Amino acid sequence: MTGNHQMLALVLFSAFVAVTLAITTWVSRHRQGSAEEFYAGGRLFSPMENGFAIAGDYMSAASFLGISGLIALFGYDGLLYSVGFLVAWLVVLFLVAELVRNCGRFTLADVVASRMRERPVRIAAGTSSVTVSVLYLVAQMVGAGSLVALLLGGTGKAAQSWTVIGVGALMVIYVSLGGMRATTWIQIVKAVLLMGGAVTLTVLVLVRFHGDFDLLLRTAAERSGHGDAFLAPGLRYGGDWTSRFDFMSLGLALVLGTAGLPHILSRFYTVPTARAARRSVVWSIGLIGGFYLMTIVLGFGAAAIVGPQAVRGSNAAGNTAVPLLALDLGGGADSTGGTVLFAIVAAIAFATILAVVAGITLASSASVAHDLYASLRRPNAKPRSEVAVARTAAVGIGVVAIALGLLARDLNVAFLVGLAFAVAASANLPVLLYSLFWGGFTTRGAVWSVYGGLIPSVVLVLLSPVVSGSPDSLFPGVDFQYFPLQNPGLVSIPLGFLAGWLGTVTSAEDADKARHAETEVRSLTGAGAV
Amino acid sequence: MVPFCPSLGMQSSAGRPSRREGGPESSAEAHEGRDTVPTRTGVGGDTRFDDPWYDALASGWGELDGTGAPAPAVPSARREQENRGGCAADVYLEVQRSAAFREVRSRYRRFVIPGVALFFSWYVGYVVTATMAPGFMARPVMGAVNVAMLAGLGQFLTTFLFTWAYARHARLRRDRAALDLRWDTQELTRGLRGGGS
């Protein structure tokens with residue numbers, strides 16, 4: 001990779017940063033400083049805008065570079081991943097989006113707290129939301145650092161560290177100055193760029209193979225050295241029983257976790273009604289589904305055109321498959337076309353990371369200020385100060401994320417995204433579904449279900465091979481591995497549901513029928529929704 | 001109809017206040033109203049005013065022209081209670097018991113429960129087959145395309161189909177009735193607050 005790539009990529013990326021900062025400044029000029037404005041952007045985004053923003057929030061660099069890289073290296077097993085990421089949206093659409101929009105105001109805890117004793121429920125749901133967000137955030141920060149090293153050739157530690165610090169500083173600026181309105185527009189811009197980049201590359205790949213998908217698959221299988229096995233499941237997850245159960249665990253976490261991700265839930269509050277929330281999910285399913293279909297073409301295209309050997313040689317995890325593919329499609333390493341396409345892909349990957357971290361930071365600052373601070377503070381603060389708390393929380397979360405990102409810089413943190421989904425599915429989804437659909441659900445059930453999903457999932461990961469006991473672990477030197485799977489979802493998700501049920505049936509108090517009636521009527525009709 | 005259909009914005013809630021006396025418990029009238037008001041109530045992009053919740057003027061009309069009409073039986077019985085929270089809670093319990101609400105709820109459940117069961121078992125079946133029976137998934141179908149590839153692309157296709165079906169069902173079978181109920185419920189709670197204070 002020559003200096004030209006890096007120069008052009010840096011210029012394009014600086015342009016994106018300039019545009020996003022301009023958006024932030026422009027938005028904060030009109031700022032009113034209300035909680036409605038800061039957390040929900042005034043609730044007046046259109047379904048299409050919100051659909052793009054949801055897609056921008058959800059499609060991380062892990063999807064763009066990671067999944068197509070997995071396909072390029074392991075063929076079909078990478079595709080298995082993307083199916084889970086997409087089908088998850090049906091859970092969101094059918095069970096969550098409209099009802100959450102109708103019942104809540106800003107966060108997940110709002111929905112649960114509306115029919116429970118507020119304080120314990122808010123503390124529990126706030127804690128699990130912040131946990132999920134921080135896990136996801138650290139994964140993105142570390143990813144940003146290694147992306148720089150990969151794409152710009154900046155292998156030095158200093159370049160990585162400054163990238164982590166720069167990304168953290170930018171996300172704090174976006175969130176604390178621009179709130180939800182700036183974050184949403186940044187996500188929309190990013191989603192448009194990402195879709196544009198993916199469409200361009202997909203068309204180029206298909207043109208290269210004369211629109212013959214079959215030929216593309218056959219070439220990829222030949223080039224991979226695995227033959228037809230490349231087009232069937234099993235190359236990555238097909239080994240022993242542990243790795244098979246591991247994939248099932250991950251698949252379950254992916255499909256159930258999306259509906260519990262705090263930064264996804266908070267996006268539904270930016271539209272005026274439940275109907276608009278539904279239509280934004282329909283938009284985002286169209287965009288996300290189309291995007292993952294294109295990553296399939298890009299992944300097999302990278303295997304067929306670049307070849308798995310070259311991809312693996314550049315980065316063992318396959319993260320450079322798409323940039324290398326872009327270089328080749330543009331005409332090769334020394335051509336102008338190759339340089340331009342490579343730089344565009346690199347800049348889009350940066351933009352992707354920035355938009356995703358901004359969304360997560362906003363959601364976690366909302367959890368801190370609206371749920372945790374509001375429950376733990378002395379009851380004499382003015383309501384207006386909540387936004388100030390949220391801004392401060394955004395700075396605090398930024399500092400924590402930068403610190404953890406720097407600490408974990410050299411560690412293999414790819415498991416963190418899967419873990420964030422597993423925690424969301426174990427701690428957030430059960431309490432959300434029980435609150436919306438179970439009349440007998442009580443406060444104790446709610447608290448137990450959150451902690452009953454959160455604690456097992458975190459403990460199981462600490463005892464898993466990703467932390468200790470294998471050469472790839474965080475701490476390869478020690479061995480306190482007692483749980484065989486890398487992803488805890490298969491065990492911790494049922495535990496979360498079980499704990500909620502157990503807490504409810506052992507509860508001394510009965511469920512409040514009237515407040516359940518209110519939740520049910522409001523969730524299905526939108527009466528009294530803000 | 002496609003899921004992305006543009007909504008026809010309704011500029012004001014004309015026609016709504018006249019049905020207000022019926023209350024949520026009169027499902028027959030709600031159904032009748034659904035037929036006689038052909039306008040689709042939609043809420044689109046910049047629609048602060050399409051939404052009855054934002055429409056302060058329209059919500060006041062009910063109080064004005066409703067004076068001569070017999071008050072809804074339930075609220076008038078509750079109106080003597082001083083506790084506003086209790087009143088609102090009673091309204092929600094009453095709405096929850098009403099035939100109109102039970103109809104909306106059962107329409108939602110009758111679609112969503114089988115739908116979730118179907119796509120979830122199809123997804124779990126797909127993942128389990130892919131991990132447990134890779135040999136079956138590798139069986140070639142046509143050219144380089146095998147069972148696994150068809151199943152994976154099938155997941156994409158069914159996801160789009162489920163999305164379309166859900167959006168269509170919600171738009172045609174639930175939206176109107178839910179909006180009527182929302183309107184009626186808010187009228188009842190607001191009427192109570194007015195009476196109590």
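This report walks through a helix, the nonpolar cores, a chain contact and two loop residues in a predicted model.

Residues are numbered from 1 along each chain as its sequence is written, and chains are lettered from A and ligands numbered from 1 in the order in which they are written. As the model is predicted, local features need pLDDT of at least 70 and side-chain atom pairs count only at pLDDT 80 or more, while totals for chains, interfaces and linings use all residues.

**Helix H19**

Let's start with helix H19 of chain A, residues 489–505. Helices (H or I, at least four residues) and strands (E, at least two) are DSSP runs, numbered from the N terminus. At 1.5 Å a residue, the 17 residues of H19(A) should span 24 Å, and this agrees with end C-alpha atoms 24 Å apart; the expected span is 1.5 Å times one less than the number of residues. Buried residues of H19(A) include Gly489(A), Ser492(A), Leu495(A), Gly496(A) and Gly503(A). Buried means 20 or more other C-beta atoms within 10 Å of a residue's own, exposed 12 or fewer, and partly exposed in between, with C-beta atoms placed from the backbone. The buried residues of H19(A) fall within an arc of 160 degrees seen down the axis, so they line one face of the helix; the arc is that of the directions from the helix axis to the C-beta atoms.

**Nonpolar core**

A nonpolar core is a set of buried Ala, Val, Leu, Ile, Met, Phe, Trp, Tyr and Cys residues joined through C-beta atoms within 7 Å. In the largest one, of 216 residues, Ala302(A), Leu325(A) and Ala420(A) touch the most other members. Helix H15 (residues 336–376) of chain A gives the most to this core, 24 residues.

**Where the chains meet**

Contact between two residues means C-beta atoms, placed from the backbone, within 7 Å. Chain B brings 54 residues to the contact and chain A brings 49 residues. On the side of chain B that touches chain A, H7(B) provides the largest share, 18 residues.

**Two loop residues**

Each residue below is other than glycine and has a positive phi.

| Residue | Phi | Loop in chain A | C-beta atoms within 10 Å |
|---|---|---|---|
| Arg43(A) | near 60 degrees | between helix H2 (35–40) and helix H3 (47–58) | 20, buried |
| His210(A) | near 55 degrees | between helix H8 (157–208) and helix H9 (213–224) | 8, exposed |
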